[in-house]
Amino acid sequence: RSLAELDAAVTHCRACPRLVEWREEAARVKRRAYQDWEYWGRPIPGFGPRDAALVLVGLAPAAHGANRTGRIFTGDPSGDLLYAALHAIGLASRPTAVSRDDGLELYGVRITDPVRCAPPDNRPSVTERDTCRPWLARELAFLRPTVRSVVALGGFAWQSLLPALASAGWEVPRPRPVFGHGARVLFPAADGGPPLELFGCYHVSPRNTNTGRLTTAMLRQLLTDAAHSAGL
Ligand code: SF4
């Protein structure tokens, strides 16, 4: 299999009954402002080059954001902030993301989620996180030849990444690294190849940005550091 085939295959996954129901219900009922949209209503694959040096990992699609548009972080306030920051530091071709065919391109960076289907209240269960983990682990394994740094957007991404990185071929340091904004941890490659650096960053959700917990300047700085670590 290739990463392109993996990206295609995940869109057909129906392994989590609660999430399948939620994502399809949101697509059926729709938000009033989006009645004209044909919602995607399926799992969201990673987005960005398949030889990325930097990978950003979020949480899960928003019911009326990525679950509507079919592309990660596209069509919701979290994505508005993230893509604007990526564009400001030269890693995205445009500052906004509105639909799958808006022409947005990412340079050297790929964005993915540990849970690929929209969950109620943006809260996947532990079982759903664990059920979805093989998709993330396989994606990271395909990216292994090129990826040099990973940003966990929030503690959920961090916790999901530790076992996924281990199964994709990196050694998780002991004691297990703890999430924090600005945390940086080196993961040696199990086969002696180049190490990977994991960065912790508060999630780009309105809850963090509206309260000033995560500012635009903090986000840009962290992404810049992670891009440098990845050689971008
Ligand atoms: Fe499949 Fe992941 Fe969606 Fe569960 S969350 S149905 S494992 S793609």
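This is a short talk about helix packing and a ligand shell in one predicted model.

Mentor: Residues count from 1 along each chain as its sequence is written. The model is predicted: local features need pLDDT of at least 70, side-chain atom pairs count only at pLDDT 80 or more, and totals for chains, interfaces and linings use all residues.

Trainee: What makes α5 oblique to α6?

Mentor: Helix α5 (residues 126–143) and helix α6 (residues 155–168) pack at about 45°, with axes 8 Å apart. Angles under 35 degrees are roughly parallel, over 145 roughly antiparallel, 65 to 115 roughly perpendicular, and the rest oblique. So α5 is oblique to α6.

Trainee: Why are α1 and α5 called roughly antiparallel?

Mentor: The axes of helix α1 (residues 3–10) and α5 cross at roughly 165° and come within 10 Å. Over 145 degrees counts as roughly antiparallel, therefore the name fits α1 and α5.

Trainee: How do you know which residues of α1 and α5 meet?

Mentor: Contact requires C-beta atoms, placed from the backbone, within 7 Å. Leu3, Leu6 and Val10 in α1 meet Trp135, Arg138, Glu139 and Phe142 in α5. That contact divides into five nonpolar, no polar and two charged residues. Ala, Val, Leu, Ile, Met, Phe, Trp, Tyr, Cys and Pro count as nonpolar, Asp, Glu, Lys and Arg as charged, and the others, Gly among them, as polar.

Trainee: How many residues surround the ligand, and which are closest?

Mentor: There are 15 around the ligand, and the closest are Cys13, Cys16, Pro43, Cys117 and Cys132. A residue is near if its C-beta atom, placed from the backbone, lies within 6 Å. α5 gives the most to this shell, with four residues.

How values were computed
Axes fitted to C-alpha atoms, helices over the stretch in contact; angles between N-to-C directions. Helix = DSSP H or I, 4+ residues; strand = E, 2+ residues; numbered from the N terminus. Contact = placed C-beta atoms within 7 Å.
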